[in-house]
Amino acid sequence: MVAFLSAWPWENFGNLKYVLYAPLVAQVVYSWVYEEDISKVLWCLHILIICGLKALVHELWSVFNNMLFVTRTLRINPKGIDFKQIDHEWHWDNYIILQAMIASLICYMSPPLMNSLPLWNTKGLIALIVLHVTFSEPLYYFLHKSFHRNNYFFTHYHSFHHSSPVPHPMTAGNATLLENLILCVVAGVPLIGSCLFGVGSLSVIYGYAVMFDFMRCLGHCNVEIFSHKLFETLPFLRYLIYTPTYHGLHHQEMGTNFCLFMPLFDVLGNTQNPNSWELQKKIRLAAGERKRVPEFVFLAHGVDVMSAMHAPFVFRSFASIPYSTRFFLLPMWPFTFCVMLGMWAWSKTFLFSFYTLRNNLCQTWGVPRFGFQYFLPFATQGINNQIEEAILTADKIGVKVISLAALNKNEALNGGGTLFVNKHPDLRVRVVHGNTLTAAVILYEIPKDVKEVFLTGATSKLGRAIALYLCRRGVRVLMLTLSVERFQKIQKEAPVEFQNYLVQVTKYNAAQHCKTWIVGKWLTPREQSWAPAGTHFHQFVVPPILKFRRNCTYGDLAAMRLPKNVEGLGTCEYTMERGVVHACHAGGVVHMLEGWEHHEVGAIDVDRIDLVWEAAMKYGLSSVSSLTN
């Protein structure tokens, strides 16, 4: 049975909970349109603005926290935040709705409270500080300690907040209804008290409401932002302000450091962790030291301007679900476009995300380029320079395998990575394109009883490998290509007894009776119309073809689900489902786990396709299609 006041009344509303703001919005709009004097409802506008500022504070702290390329050396808890924690904290902003309701009730009962306040009153600031130090801090300290030391209250209430393994700014507001009601009292009394004393002001209300949340986020940000020198120069600050490390220790050990913002009360209550300031100094001093070296790096790049907002350091919740165009993001497009131009001009490859698999640190690095830039002739050298620099950095720090994503291994750009391996023959890091596993995923999707397939993009790197593999299985491959020379070159690679299974075709109507299409080149609706009803489109074309045919089925891009023992994974890879990565990403992971010493660049070794597939199965990776078919 759910404990009293542990659940939120709107818990099952989902995003419809935001309708609870509607009365305030409606009151402001109505007064603005139909009433000459809107001063009587200004309190509604103030409440809405303050709620928006509170949400903005959390979002900006989240952006900072997730900028791993800035914060990675100062992180307190090195673990990643997984999907489970993100879902647990999905409705972190429930407390803002609660505070809006309580503030509305107070203002409705006493309208002059907000409407007659001056912009500034120095006495009000003094009164607020006195009330915070003498009321809010000791009350919070006493109740927080009590919640920890009373088994019933911790189990039924406070454990919800502590069930987030890695502190994050969104963790700050993620608590039960009872705890947030208490926080409303803690944060509300200084504000109401200053107003009742007749010294309140709008600046004090706005400043305290926002600063209260700012400090809560600071304590949960998991990044040590304070220099230890500050506390050595001004030792008294150790009693007045806590640090992310200070509160991080509370989340790790839970028996100490109960204060709201001022460690003074832990000192007075003899509950301060003795390692609080020493650990804070240790983390700051270690900021310049080399952190754990990843065993595997996936070198990705941006797709387009809109999808750039799918990054975890933009909107964490958005990045935790498969990418799709969201209309609410459209107003941010101009700003994101300017950021893209800035990245083009000044940015270098950066750390994007990470996870751990079998105790191996796996990171995704981002090349600051977007899809369209790879097709600009004057931009190719710059892109190759970025990729080369990333490979050399990985080699220098001791990365085992670096896998090139999507267009970073484009044949026309760098020969599928061959350029870098030939240029730097002494590389210790293994450079891989991962396409051997991509080919394997596509090939293992094809039913064993298929006798004929139609292949577009037939002379590409993947097309060649698929054609050669299938002809060895006795499958007739209709290879769509206008180049006789390229077709014959591939045909000669096949064993003599299987060469006749490779058939060159130059038009789509040649496949009008074939129900298995393998698509490596984008298809228009007209081209798709040649496929007979019941055709299944396997594909390795980027972007995927549109699903025009209702009487046909469409496969997704080649992808694999990571093993269940993956840790700290909280970001979806573009349009992939949670826990699913592109096959070339998975191919690099398998290369790392197997400890293979060769580079996987250039043409795909057809003889290794089954070997790579079996290795992937051995480590618990699974084909997405095998789970859904």
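Start with the aromatic rings: this predicted model holds 34 aromatic pairs. Select Phe318 and Phe328 for one of them. Their ring centres lie 6.5 Å apart and their planes meet at 65°. Planes over 60 degrees apart count as edge-to-face, so Phe318 and Phe328 form an edge-to-face pair. Now show the backbone around both rings. Phe318 sits in helix H16, residues 316–319. Phe328 is in the loop between H16 and helix H17 (333–346). The two residues are ten apart in the chain.

Next, colour the annotated membrane segments. The unreviewed UniProt entry places "transmembrane region" at residues 18–34, 41–64, 95–113, 125–143, 180–206 and 327–346. Phe328, from the previous stop, is in the 327–346 segment.

Select 41–64. This stretch is 96% helix and 0% strand. Its end C-alpha atoms are 36 Å apart.

Move on to 125–143. Here the chain is 100% helix, with 0% strand. The C-alpha atoms at its two ends are 25 Å apart.

Widen the selection to 122–149, which is helix H7. H7 has 28 residues. From first C-alpha to last, H7 reaches 40 Å, close to the 40 Å expected at 1.5 Å a residue. Look along the helix for His132. A kink of about 40° is centred on that residue. Then go to the start of H7 and show side chains. A side-chain oxygen of Asn121 comes to within 2.9 Å of the backbone nitrogen of Lys123.

Now turn to the sheet. Five strands make up an open sheet with mixed pairing. Trace them in the order S2-S3-S1-S4-S5. The edges are strand S2 (350–357) and strand S5 (430–432), each pairing on one side only. Neighbouring strands are turned by 20° against each other on average, direction ignored.

Zoom in on S1 and S3. Select residues 296–301 for strand S1 and 360–367 for strand S3. The two run parallel and are joined by six bridges. Which residue of S3 is the bridge partner of Val297? Select Gln363: that is the partner.

Last stop: select 453–621. The unreviewed UniProt entry annotates this range as "domain: Very-long-chain aldehyde decarbonylase CER1-like C-terminal". Colour the range by secondary structure. Helix accounts for 28% of the stretch and strand for 18%. Finish with its two ends, where the C-alpha atoms are 27 Å apart.

Definitions and conventions. Residues numbered from 1 in each chain as written. Predicted model: local features only at pLDDT ≥ 70, side-chain atom pairs only at ≥ 80, totals over all residues. Heavy atoms only, no water. UniProt positions renumbered as here; feature names shortened; annotations may be inferred. Helix = DSSP H or I, 4+ residues; strand = E, 2+ residues; numbered from the N terminus. Pairing = 2+ DSSP bridges. Axes fitted to C-alpha atoms, helices over the stretch in contact; angles between N-to-C directions. Expected span 1.5 Å × (residues − 1). Bend = angle between axes of the 7 residues up to and from the residue. Polar contact = N/O pair within 3.5 Å; in protein donor to acceptor, adjacent residues only side chain to side chain. Phe/Tyr/Trp six-rings, centres within 6.5 Å; stacked < 30°, edge-to-face > 60°.
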